Amino acid sequence: MPSRRKSGKNAPILSHEFIITNHGDIVSCVCMLFMIGLMFQATTKVAAVFIAPQHNVTKTINGTEELPTTYTNGPKDFCTIFFYSMAWIVVHAIIQEYVWDKISRKLRLSKTKLTKFNDSGILLPFYFFFAAWGADIMIKEGFIPHVTKLWEGYPHNEMSFALKFYFILQISFWVHCFPELYFMRAKREEIFPKVQLYIEYLFFIWAAYMLNFTHITLCCLVVHYAVESINHAMRMLNISNKEDAAKNLFFVWTVLFALARFTIIALAVMTFWYGLPRLDNAGLHVNSGNFNSPPIRLTSMAGVVLMQAWLAWNFICYQIRVWREHSSNATPSKIKEVKKKTKKEADKKKKNDVVPEESEEAKENEKRNGSPRALTKPKKA
């Protein structure tokens, strides 16, 4: 993604250049309209649908004491996802303009490296933030150390505010990535792999959200995001020519990547193969949000396992490519060292061959010219 530097000339209003250059300001103004709508009584209910999580459930004990409010999924979530997708566009523009653009200008990167740097630059804080926040939710919800809560009490159609908001922000982030391809002037050859990545995340997260598999999905996402944050930190350090720190992170990422794939597969098998089938309410009941049927369980488990296998395959291919690049870069230096050694040996041989010849020629010249050595020789009797 190229840097968005403002040119000296002002682009025509509503032109592509104007929208791309000022898209952060334009979208922030639209978000402010929804925020202002909360201040007026006539528009409060409409604005609240877009800003606050919907489908809340309030329960009481004996009609007096209220329990903590929980939330379910529903059609109003599309409005909330729409608003927070625009909010992510504003956050993306702020981080890009005030952080990564300034750093990339100092580094003076090429276009290819700049694209990779900006891609990792927006994903790194996202992965790190959601890995840390998800780990905090796991501790508060009691998933650690009680792993059985991943399937006990299913269907998990009632979520806490933090868990509901976590998934809303997850989905809205990957939705906002599609218009960002236009705002960041993505090239044609870059669009397909990025769209493929966004669709994969959206499909798995949205399916888990609608099928009420939020507990197992939260744990898998925390493990995956923690490892991916290390990966993108390594990429940014490598692009910034800090190879020593990148090598250390590369070793850590290599080990943690394998552990993450194993952990996610183990959690999926425990939940879908051992945990959910043992529940008394195993079956399909759409009205109550229960999707604990054998076809859905097996499909979900197979999807998770196949995705991890595909990531592992890409990881192996990446390791082989890195090893080949390292070996190709190492061979020229070895060849140069061998050439230097052969040159030194050849020079030594020449010196050893030339010095005796010169000494013999010098002796003959001395004899012919009547050198002192010849005069001082004793005469024969």
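The following questions and answers concern helix packing and salt bridges in a predicted model.

Student: How are helix 7 and helix 8 oriented, roughly parallel or roughly antiparallel?

Tutor: The axes of helix 7 (residues 188-210) and helix 8 (residues 214-239) come within 9 Å and cross at roughly 150 degrees. Angles over 145 degrees count as roughly antiparallel. Therefore helix 7 and helix 8 are roughly antiparallel.

Student: How many charged residues does the contact of helix 7 with helix 8 have?

Tutor: Helix 7 contributes Y201, I205, A208 and Y209, while helix 8 contributes T214, T217, L221, H224 and Y225. By class, 6 of these residues are nonpolar and 3 are polar. The number of charged residues is therefore none, because only Asp, Glu, Lys and Arg count as charged.

Student: Is K194, which meets D119 in a salt bridge, buried or exposed?

Tutor: The side chains of K194 and D119 meet at 3.2 Å, N to O. K194 lies in helix 7 and D119 in helix 5 (residues 111-141), 75 residues apart. The relative accessible area of K194 is 11%. Since buried means under 20%, K194 is buried.

Student: Which residues are joined into one network by salt bridges that share partners?

Tutor: D119 is buried, with a relative accessible area of 16%. Salt bridges that share partners join this residue to others, and the network consists of D119, E190 and K194.

Student: Which helices do the buried residues of helix 3 pack against?

Tutor: In helix 3 (residues 44-51), the residues A47, V49, F50 and I51 are buried. The buried residues of this helix pack against helix 2 (23-37) and helix 4 (77-107).

Methods: Residues numbered from 1 in each chain as written. Predicted model: local features only at pLDDT ≥ 70, side-chain atom pairs only at ≥ 80, totals over all residues. Heavy atoms only, no water. Buried < 20%, exposed > 50% of the residue type's maximum accessible area, 1.4 Å probe, protein only. Helix = DSSP H or I, 4+ residues; strand = E, 2+ residues; numbered from the N terminus. Contact = heavy atoms within 4.5 Å. Axes fitted to C-alpha atoms, helices over the stretch in contact; angles between N-to-C directions. Parallel < 35°, antiparallel > 145°, perpendicular 65-115°, else oblique. Salt bridge = Lys/Arg side-chain N within 4 Å of Asp/Glu carboxyl O.
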